[in-house]
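Biologist: Please walk me through this model. I will ask, and you show the reasoning.

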Amino acid sequence: SAHRLSIVNLRALGFINIAWAVVIVLLGMWLVPVSGAAGAAGAFLISHLFSQAAVLVVLKQSGALPPGILRLSLTGILAAVAFALLACLRTFLPAHQLAVTALLLGVGTALVFALLRFGQTQGWLLRISRTAK
């Protein structure tokens with residue numbers, strides 16, 4: 001989406017990048033002293049989510065949002081948040097690390113197959129035939 005915006009509205013992309021930098025610096029100053037590396041990862045995640053949302057809004061307002069991209073992006077955003085929450089759960093429940101890790105693997109695998117299927121239905125990926133030639 002950001003690459004599309006660089007073609008459609010480079011100025012807006014520049015402002016979004018500046019806002020991303022400000023958000024990550026402010027969040028980093030707040031979260032890193034409290035949580036260390038986990039705070040830095042959280043700051044990056046929140047900043048990227050903010051940036052992605054801003055890009056989607058500008059593309060939508062410009063009428064330059066390709067079909068299917070909003071649904072694909074929202075799926076990716078929800079997946080990133082779900083992975084982060086599961087990673088936090090794994091950290092805070094050490095007795096259940098194996099189960100949460102298995103859940104992370106299952107969710108990740110299901111997401112990959114769902115995204116591949118979505119890409120095929122949108123015509124973004126080639127369909128692979130299982131018939132022998």
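What follows is a set of questions and answers on helices, contacts and burial.

Modeller: This is a predicted model, in which local features need pLDDT of at least 70 and side-chain atom pairs count only at pLDDT 80 or more, while totals for chains, interfaces and linings use all residues. Residues are numbered from 1 along each chain as its sequence is written, and side-chain values use heavy atoms, with hydrogens and water left out.

Biologist: How is the aromatic pair found in the whole structure classed?

Modeller: Rings of Phe, Tyr and Trp (its six-membered ring) pair if their centres lie within 6.5 Å; planes under 30 degrees apart are stacked, over 60 edge-to-face, the rest tilted. The search of the whole structure gives one pair. Trp20 and Phe44 have ring centres 6.5 Å apart and planes at 55°, so the class is tilted.

Biologist: How many residues apart in sequence are the parts that this pair ties together?

Modeller: Helices are DSSP runs (H or I, at least four residues), numbered from the N terminus. Trp20 sits in helix α2 (residues 10-35) and Phe44 in helix α3 (residues 37-62). The pair therefore ties together parts whose separation in sequence is 24 residues.

Biologist: Is Ser51 buried or exposed?

Modeller: Buried means under 20% relative accessible area, exposed over 50%, and partly exposed in between (1.4 Å probe, protein chains only). Ser51 lies in helix α3. Its relative accessibility is 13%, so Ser51 counts as buried.

Biologist: Which residues does Ser51 touch, not counting residues up to four places away in sequence?

Modeller: Contact means heavy atoms within 4.5 Å. One partner belongs to the aromatic pair: Trp20, partly exposed at 23% relative accessible area. With residues up to four places away in sequence not counted, Ser51 touches Ile16 and Trp20.

Biologist: Which element gives the most to the largest nonpolar core?

Modeller: A nonpolar core is a set of buried Ala, Val, Leu, Ile, Met, Phe, Trp, Tyr and Cys residues joined through side-chain atoms within 4.5 Å. The largest has 12 residues, including Leu5, Ile16, Leu56 and Ile69. Two or more residues come from each of α2 and α3. The most, five residues, come from α3.

Biologist: How are α3 and α4 oriented to each other?

Modeller: Axes are lines fitted to C-alpha atoms, for helices over the stretch in contact, and angles run from 0 to 180 degrees between N-to-C directions. Under 35 degrees counts as roughly parallel, over 145 as roughly antiparallel, 65 to 115 as roughly perpendicular, the rest as oblique. α3 and α4 pack at about 170°, with axes 11 Å apart. They are therefore roughly antiparallel.

Biologist: How many nonpolar residues are in the contact of α3 with α4?

Modeller: Ala, Val, Leu, Ile, Met, Phe, Trp, Tyr, Cys and Pro count as nonpolar, Asp, Glu, Lys and Arg as charged, and the others, Gly among them, as polar. Leu45, Leu49, Gln52 and Leu56 in α3 meet α4 residues including Ile69, Ser73 and Ile77. The contact has no charged and two polar residues, and its nonpolar count is nine.

Biologist: How many charged residues are in the contact of α4 with α5?

Modeller: Helix α4 (residues 69-92) and helix α5 (residues 97-122) pack at about 175°, with axes 10 Å apart. Arg71, Phe83 and Arg90 are among the α4 residues that meet α5. The contact has 12 nonpolar and five polar residues, and its charged count is two.

Biologist: How far apart in space are Ala38 and Cys88, C-alpha to C-alpha?

Modeller: Ala38 is in helix α3 and, at 58% relative accessibility, counts as exposed. Cys88 is 50 residues from Ala38 in sequence, and their C-alpha separation in space is 9.0 Å.
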